[in-house]
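This briefing introduces one protein model and the surroundings of its ligands. Please read the points below with the sequence and the structure at hand.

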Amino acid sequence: MHSEPAVVASGDPAGQVPGPRHVAIVMDGNGRWAQRRHLPRVAGHAKGVEAVRRTVEAAVRHDVEYLTLFAFSSENWQRPAEEVSVLMRLFMTALQKEIAQLRANGIRLRVVGDLSRFDPKLQRLIEQAESRTAHNTGLLLTVAANYGGRWDIMNAVRTLLRERPDLIHQPGHPDEADLAPFLALADTPEPDLFIRTGGEQRISNFLLWQMAYTELYFTDLFWPDFGASALAEAIADFRRRERRFGRTGAQVASG
Ligand code: IPE
Ligand code: IPE
Ligand code: MG
């Protein structure tokens with residue numbers, strides 16, 4: 001019987017698969033966490049903010065360089081108006097309250113998505129938070145808000161067509177490299193590890209383009225229960241994977 005050789009990441013002195021540089025998370029299950037406790041759904045969202053704080057801290061300790069969190073999808077506007085407005089308020093409070101901590105920890109914050117639909121006050125807070133952390137060189141924390149993977153791709157296509165109309169006359173263009181700079185996570189390597197909490201096993205229109213070769217990890221934990229040990233478990237699982245990118249196991253092992 002043929003057995004695949006164990007993976008040894010080339011260039012890693014310990015001979016171990018390195019941890020993920022970029023982790024992307026669908027933070028799901030806030031509502032169910034609350035409902036289990038006979039609390040209103042929004043209580044779960046408030047608890048979810050604490051889980052974000054714990055997860056960011058733990059990611060830094062694991063030397064994660066990029067952490068991308070799905071906070072609000074283009075589809076989430078369909079929720080009851082009251083829930084949407086609580087989410088927006090939580091977002092604003094978190095931006096105001098957490099900024100000092102982000103600065104102290106050298107974390108750079110970036111928000112991606114169609115921000116034009118947000119209240120101008122929230123848009124201003126986002127701009128402020130981004131500019132006040134722009135000089136930081138530690139973890140790049142990207143929050144996806146009013147984001148959708150399809151929106152991201154279409155938005156990039158529209159911008160590309162506007163800025164480089166000449167490309168359609170060049171054979172083979174536009175190509176992937178032409179489009180890449182216009183996508184939301186342009187200067188960020190693609191996610192190595194995708195985590196979704198809450199038990200559902202779907203992408204829900206998160207990073208469609210960028211996750212072509214991302215390792216997927218699902219946990220039944222509800223987002224408010226996520227934290228350092230759950231992240232450690234996900235990373236340990238990731239380090240047991242063999243990333244082949246279309247090649248054979250033997251090719252991967254020989255570098
Ligand atoms: C994720 O938790 C948070 C957002 C989508 C904003 P949910 O609110 O989706 O929680 P469940 O899936 O209903 O439990
Ligand atoms: C995905 O969660 C979006 C966020 C976590 C922000 P949803 O709860 O909206 O996903 P579905 O509706 O179950 O697919
Ligand atoms: Mg959900």
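Which strand supplies the largest share of the shell around ligand 2? The answer is strand β2, residues 66-73, with four residues. The model is predicted, and the points that follow describe two ligands and then several individual residues.

**The surroundings of ligand 2**

- The shell around ligand 2 consists of Val26, Met27, Asp28, Phe70, Ala71, Phe72, Ser73, Asn76, Arg79, Arg196, Arg202 and Ser204.
- By character, this shell holds five nonpolar, three polar and four charged residues.
- The side chain of Asn76 places a polar atom 2.9 Å from an oxygen atom of ligand 2.
- Two arginine side chains also approach ligand 2: an N or O atom of Arg79 is 3.2 Å from an oxygen atom of the ligand, and for Arg196 the corresponding distance is 3.3 Å.
- Taken alone, ligand 2 has 390 Å² of accessible area, of which the protein covers 78%.
- The location of ligand 2 is the largest pocket.

**The surroundings of ligand 1**

- Around ligand 1 are Met27, Asp28, Gly29, Asn30, Gly31, Arg32, Arg41, His45, Ala71, Asn76, Arg79 and Leu87.
- These residues divide into three nonpolar, five polar and four charged.
- Which helices each supply at least two residues of this shell? They are α1, residues 30-36, and α2, residues 41-61.
- Helix α1 gives the largest share, namely three residues.
- Asp28 contributes a side-chain N or O atom that is 2.8 Å from an oxygen atom of ligand 1.
- Arg41 likewise contributes a polar side-chain atom, at 2.9 Å from an oxygen atom of ligand 1.
- In the case of Asn30, a polar atom of the backbone is 3.1 Å from an oxygen atom of ligand 1.
- The protein covers 87% of the accessible area of ligand 1, which amounts to 380 Å² for the ligand on its own.
- Ligand 1 takes up the space of the largest pocket.

**Ser116 and Leu231**

- Ser116 belongs to the loop between β3 (108-112) and α4 (120-133).
- Is Ser116 buried or exposed? Its relative accessible area is 56%, and a value over 50% counts as exposed, so Ser116 is classed as exposed.
- The side chain of Ser116 makes a polar contact of 2.6 Å with the side chain of Asp114.
- Ser116 and Asn146 are 30 residues apart along the chain, and their C-alpha atoms are 9.2 Å apart.
- Leu231 is part of helix α7, which spans residues 228-239.
- Leu231 is classed as buried because its relative accessible area is 1%, and the limit for this class is under 20%.
- Between Leu231 and Gln16 the separation is 215 residues in sequence and 18 Å in space, from C-alpha to C-alpha.

**Backbone features in loops**

- As background, most residues other than glycine have a negative phi, and most peptide bonds are trans.
- The peptide bond that leads from His173 to Pro174 is cis, and its omega is near -5°.
- Pro174 is found in the loop between α5 (149-163) and α6 (176-179).
- Asn205 is not a glycine, yet its phi is positive, at about 60°.
- The loop that holds Asn205 runs between β5 (193-196) and β6 (215-218).
- Asn205 has a relative accessible area of 17%, and therefore counts as buried.
- Phe245 is another residue other than glycine with a positive phi, in this case near 45°.
- Phe245 lies in the loop between α7 and α8 (249-253).
- With a relative accessibility of 46%, Phe245 is classed as partly exposed.

Technical notes:
Residues are numbered from 1 along each chain as its sequence is written. Chains are lettered from A and ligands numbered from 1 in the order in which they are written. This is a predicted model: local features need pLDDT of at least 70, side-chain atom pairs count only at pLDDT 80 or more; totals for chains, interfaces and linings use all residues. Side-chain values use heavy atoms; hydrogens and water are left out. A residue is near a molecule or strand if one of its heavy atoms lies within 4 Å of it. A polar contact is a pair of N or O atoms within 3.5 Å; within protein, one must be able to donate a hydrogen and the other to accept it, and residues adjacent in sequence count only if both atoms are side-chain atoms. Accessible areas come from the Shrake-Rupley method with a 1.4 Å probe; for residues, only the protein chains shown count as cover. On a 1 Å grid over the protein atoms alone, a cavity is a set of points where a 1.4 Å probe fits but cannot get out, and a pocket is an open set with protein on both sides within 12 Å along at least five of seven lines; lining residues have an atom within 4 Å of a point. A molecule sits in a cavity or pocket if more than half of its atoms lie within 2 Å of its grid points. Ala, Val, Leu, Ile, Met, Phe, Trp, Tyr, Cys and Pro count as nonpolar, Asp, Glu, Lys and Arg as charged, and the others, Gly among them, as polar. Buried means under 20% relative accessible area, exposed over 50%, partly exposed in between (1.4 Å probe, protein chains only).
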